[in-house]
Amino acid sequence: MNSSAGGASDKPRLAVVGGTGNLGLGLALRWAQAGYAVSLGSRDAQRAVAAAAAECAAQPGVSLAGGGNAAVAAAADLVIVAVPFAAQSATLEDIRTAVQGKIVVDTTVPLVPPKVMRVQLPPEGSAARRAQNLLGPQVRVVSAFQNIAAAHLRDLSHALEGDVLVTGDDAEAREAVVRLAQAIGLTAWQAGALDNAVVAEALTSVLIFMNKRYGFDGAGIRICGAHQAG
Ligand SMILES: NC(=O)c1ccc[n+]([C@@H]2O[C@H](COP(=O)([O-])OP(=O)(O)OC[C@H]3O[C@@H](n4cnc5c(N)ncnc54)[C@H](OP(=O)(O)O)[C@@H]3O)[C@@H](O)[C@H]2O)c1
C-alpha cells in the first residue's frame, strides 16, 4: 500500500465506492473527521461531487472529494466498497482494473429482499468470497463493517460503539482495516480468513430481526472476554 501523497501522513488515501449511500457516506464522514483524505465514488461522478460538497457545507471541518467509482478507486491507496448486494458484481467489474495491487474492503451483506431478516448466502459462501473471485488474486480483499448501523455513522456528535469483525486472507491487510475502524472509535478484531466473513455477513440478518423484534435502534455486536491472556 502506498502512503499518502507527499509522505506527510501515514494515513492511506481512501475511496468509498458507493459513497453516496447510507453506509458509505457515513464511513466517509467519520474518516474525513479523523483526518483521512476521502473521496466519495458514484456511478454518476456529478452525484458524488454534489454529495461531497453538501457534506462539506453541512459539517464544519470535514473535507470530502467526489468522482466516478473507477476514478476515485484509481486515485486511492485503499478502497471501500459499500453498495447493495444486487449491485456488487457490476460495481466490482467497474473498478477491477483500478484496484489491482490494493486493499479492497468489502462491506456487502448478501441481503435478498424482501426476506432480509433471513440469512441467505450466495453460492460462493459469502459476498466477500464473491468479491475476491471477481477482483482476482492481486487484490487483498478484507471484509468488515457489516454489523455497524449506518444511521449511527452520520451523526458526528454521536460516539460510535460496537465491535467490527475483520476477515481476510492477508494479515497485514486485516490489520490495516482494524486501524481504520479504530480511527473512528470502533473496536475491531482480526477474525481470521476471508471465508470467515460469512459470520459477520449472516449476523446482519440476525441484527435486523432483533431491531424489529425488540425495537432496537441499530443493534450491533460486542465481543466479551476480550482481555489479554497471560
Ligand atoms: N445501511 C446499513 O446500515 C449497513 C450496515 C452494514 C452493512 N451494510 C452494507 O453496505 C452496503 C451498502 O449499504 P447502503 O445501505 O449504504 O446501500 P444504499 O444506500 O442503498 O446504496 C449505496 C450506494 O450504492 C449505489 N447503488 C445503489 N443501487 C445500485 C445499483 N443497482 N447498481 C450500482 N450501484 C448502486 C448508489 O450509489 P450511486 O447511485 O451514487 O452510484 C448508492 O448510493 C450493502 O451491501 C449493505 O448490506 C449496510
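Two strands count as paired here if DSSP finds at least two bridges between them. By that criterion, this predicted model holds an open sheet of eight strands in the order 3-2-1-4-5-6-7-8, with mixed pairing. The protein has eight helices and eight strands, and 27 residues surround the ligand. Mean pLDDT is 94, and 95% of the residues reach 70 or more.

**Confidence**

- Among the elements of the protein, strand 6 (residues 140-143) has the highest mean pLDDT, at 99, and helix 6 (residues 150-154) the lowest, at 92.
- The pLDDT is below 50 over residues 1-7, a stretch that has 13 contacts in the model beyond near neighbours in sequence.
- Where pLDDT is low, the predicted coordinates should not be read in detail.

**Sheet**

- Strands of a sheet pair through backbone hydrogen bonds, in either the parallel or the antiparallel sense.
- The edges of the eight-stranded sheet are strand 3 (64-68) and strand 8 (187-190); each has a single partner strand, so one side of each is left without a neighbour in the sheet.
- On average, neighbouring strands of this sheet are turned by 25° against each other, direction ignored.
- Four bridges join strand 4 (residues 78-81) to strand 5 (residues 103-106), and the pairing is parallel.
- Opposite Val81 stands Asp106, in strand 5.

**Overall dimensions and packing**

- The radius of gyration of the protein is 17 Å, which agrees with the value near 17 Å that a compact globule of 230 residues would have.
- The C-alpha trace spans about 45 × 45 × 40 Å along its principal axes.
- Of the 230 residues, 46% count as buried.
- Of the contacts with a separation of 6 or more, 70% are between residues 24 or more positions apart.

**Ligand surroundings**

- Gly21, Ser42, Ala87, Val109 and Ala150 are the closest of the 27 residues that surround the ligand.
- Two elements, helix 1 (22-33) and helix 4 (85-95), give two or more residues to the shell around the ligand.
- Helix 4 gives the most to this shell, with five residues.

**Leu135**

- Leu135 belongs to helix 5 (residues 127-135).
- Because 22 C-beta neighbours lie inside 10 Å, Leu135 counts as buried; the cut-off for buried is 20 or more.
- Apart from neighbours within four places in sequence, the contacts of Leu135 are Leu92, Arg96, Val99, Val104 and Val141.
- Leu135 and Ala159 are 24 residues apart along the chain, and their C-alpha atoms are separated by 34 Å.

**Backbone exceptions**

- Most residues other than glycine have a negative phi, and most peptide bonds are trans.
- The peptide bond from Pro113 to Pro114 is cis, with omega near 5°.
- The loop between strand 5 and helix 5 contains Pro114.
- Phe145 is not a glycine, yet its phi is positive, at about 75°.
- The position of Phe145 is in the loop between strand 6 and helix 6.
- Phe145 has 28 other C-beta atoms within 10 Å and is therefore buried.

Methods: Residues numbered from 1 in each chain as written. Predicted model: local features only at pLDDT ≥ 70, side-chain atom pairs only at ≥ 80, totals over all residues. pLDDT = per-residue confidence, 0-100. Contact = placed C-beta atoms within 7 Å. Axes fitted to C-alpha atoms, helices over the stretch in contact; angles between N-to-C directions. Rg over C-alpha atoms; globule rule 2.2 N^0.38 Å. Buried ≥ 20, exposed ≤ 12 C-beta atoms within 10 Å, placed from the backbone. Near = placed C-beta within 6 Å.
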